[in-house]
Amino acid sequence: MMIQIEIDSGSGFCFGVTTAISKAEEELAAGKTLYCLGDIVHNGMECERLRHMGLITINHEQMQALHDVKVLLRAHGEPPETYALAERNNIEIIDATCPVVLQLQRRIKTKFVSCPEAQIVIFGKPGHAEVLGLVGQTMSRAIVIAGIEDAKRLDFDRDIYLYSQTTKSLDEFHHIIDYIQQHISPQAVFQSFDTICRQVANRMPNISQFARRHDLILFVCGRKSSNGKVLFNECRSVNANSHLIEGPDEIDASWLNGVSTVGICGATSTPKWLMEQCRDKLQQKDFGSIQAQP
């Protein structure tokens with residue numbers, strides 16, 4: 001029996017990641033030395049591809065020792081201190097901060113300046129690069145909450161302004177809003193701002209439909225990706241036969257037993273070429289008679 005394979009057309013790099021990688025490739029193609037502050041994308045194989053092209057990944061500590069070089073800031077964004085350091089060390093910044101993240105940084109900074117006594121709350125993954133950039137807009141005073149449990153520790157007698165990391169779950173964000181609305185003091189102000197990127201949020205219903213269509217789902221994604229975890233959980237919630245893999249070498253042939261259709265999808269940090277490599281692996285002779293869908 002022939003097994004059909006479909007690669008999800010909606011998976012792959014989001015606009016912000018595509019732009020960052022294009023900027024890096026442009027500089028490297030011109031033969032210039034280019035540093036990138038942190039992994040350009042949460043995908044080990046794509047980082048390795050760019051490393052072979054000459055991209056040098058550094059951390060904040062290493063950046064402090066650099067002078068008179070070019071440093072690319074990835075789509076996640078950076079706090080103001082990074083720009084100040086660049087200025088001190090005469091570092092030329094190639095700013096690939098995603099426009100959606102940039103707008104969110106400005107909104108948080110404006111609110112913090114106008115309401116310094118309020119609680120600026122960010123629903124996000126503690127320590128995540130984007131979240132650190134957002135907290136940096138508030139002189140590190142913003143409160144980061146990972147979920148409802150953290151929200152319970154807020155001071156409901158004080159004003160709360162709630163924002164979200166751009167790649168978080170819309171449903172979870174609404175649960176947090178409901179919880180705060182139920183507990184906020186009548187004397188305090190509560191406002192929430194839906195700052196979740198629609199290019200990411202819209203992938204939830206799309207990937208859900210895609211996962212339902214197939215007997216087996218291979219979700220290709222770096223294990224560091226926050227967005228990947230959210231999307232993979234969505235796949236698994238509608239199709240228990242979903243597996244998260246970082247690349248073709250992790251595919252187990254036994255998963256194909258009794259399967260007639262395979263869906264390959266991924267996160268906003270998953271390159272198309274990597275999903276294609278997984279398809280190619282499935283089509284190798286030792287994986288049996290498999291046919292890719294046009």
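**Questions on a predicted model**

Student: What is the bridge partner of tyrosine 161 in strand 9?

Tutor: The partner of tyrosine 161 is glutamine 191, and strands here are DSSP runs of E with at least two residues, whereas helices are runs of H or I with at least four residues, both numbered from the N terminus. Please keep in mind that this is a predicted model, in which local features need pLDDT of at least 70 and side-chain atom pairs count only at pLDDT 80 or more, while totals for chains, interfaces and linings use all residues. Residues are numbered from 1 along each chain as its sequence is written, and side-chain values use heavy atoms, with hydrogens and water left out.

Student: Why are strand 8 and strand 9 said to pair?

Tutor: Two strands pair if DSSP finds at least two bridges between them; strand 8 (residues 160-164) and strand 9 have 3 bridges in the parallel sense, so the definition is met.

Student: What is the order of the open sheet of 4 strands?

Tutor: The order is 7-6-8-9, with parallel pairing. Strand 7 (143-145) and strand 9 (190-192) are the edge strands, since each of them pairs on one side only.

Student: How do you know that helix 5 packs on the sheet?

Tutor: Helix 5 (residues 99-114) touches strand 6 (119-123), strand 8 and strand 9, where contact means heavy atoms within 4.5 Å. The direction of helix 5 makes about 170° with that of strand 8, the axes being lines fitted to C-alpha atoms (for helices over the stretch in contact) and the angles running from 0 to 180 degrees between N-to-C directions. Helix 8 (residues 170-183) lies across strand 6, strand 7, strand 8 and strand 9, and runs at about 175° to strand 8.

Student: What makes lysine 111 count as lying over the face of tyrosine 161?

Tutor: A charge sits over a ring if NZ of Lys or CZ of Arg is within 6 Å of the ring centre and within 35 degrees of the ring normal. Lysine 111 is placed over the face of tyrosine 161, at 4.4 Å from the ring centre, so the distance satisfies the 6 Å limit.

Student: Why is the aromatic pair of tyrosine 163 and phenylalanine 193 called stacked or tilted?

Tutor: Rings of Phe, Tyr and Trp (its six-membered ring) pair if their centres lie within 6.5 Å, and planes under 30 degrees apart count as stacked, over 60 as edge-to-face and the rest as tilted. A search of the whole structure finds 4 aromatic pairs. Among them, tyrosine 163 and phenylalanine 193 have 4.7 Å centre to centre and 15° between the planes, so this pair is stacked. Tyrosine 163 is in strand 8 and phenylalanine 193 in the loop between strand 9 and helix 9 (198-201), 30 residues apart.

Student: Are tyrosine 163 and phenylalanine 193 buried or exposed?

Tutor: Buried means under 20% relative accessible area, exposed over 50%, and partly exposed in between (1.4 Å probe, protein chains only). Tyrosine 163 has 2% and phenylalanine 193 has 16%, so both count as buried.

Student: What makes the pair of phenylalanine 219 and phenylalanine 232 tilted?

Tutor: Their ring centres are 5.8 Å apart and their planes stand at 50°, so the pair is neither stacked nor edge-to-face.

Student: Why does cysteine 36 form no bond with cysteine 47?

Tutor: A disulfide is a pair of cysteine sulfur atoms within 2.5 Å, and the sulfur of cysteine 36 is 7.7 Å from that of cysteine 47, the closest cysteine sulfur, which is too far for a bond. The structure holds 0 disulfides.
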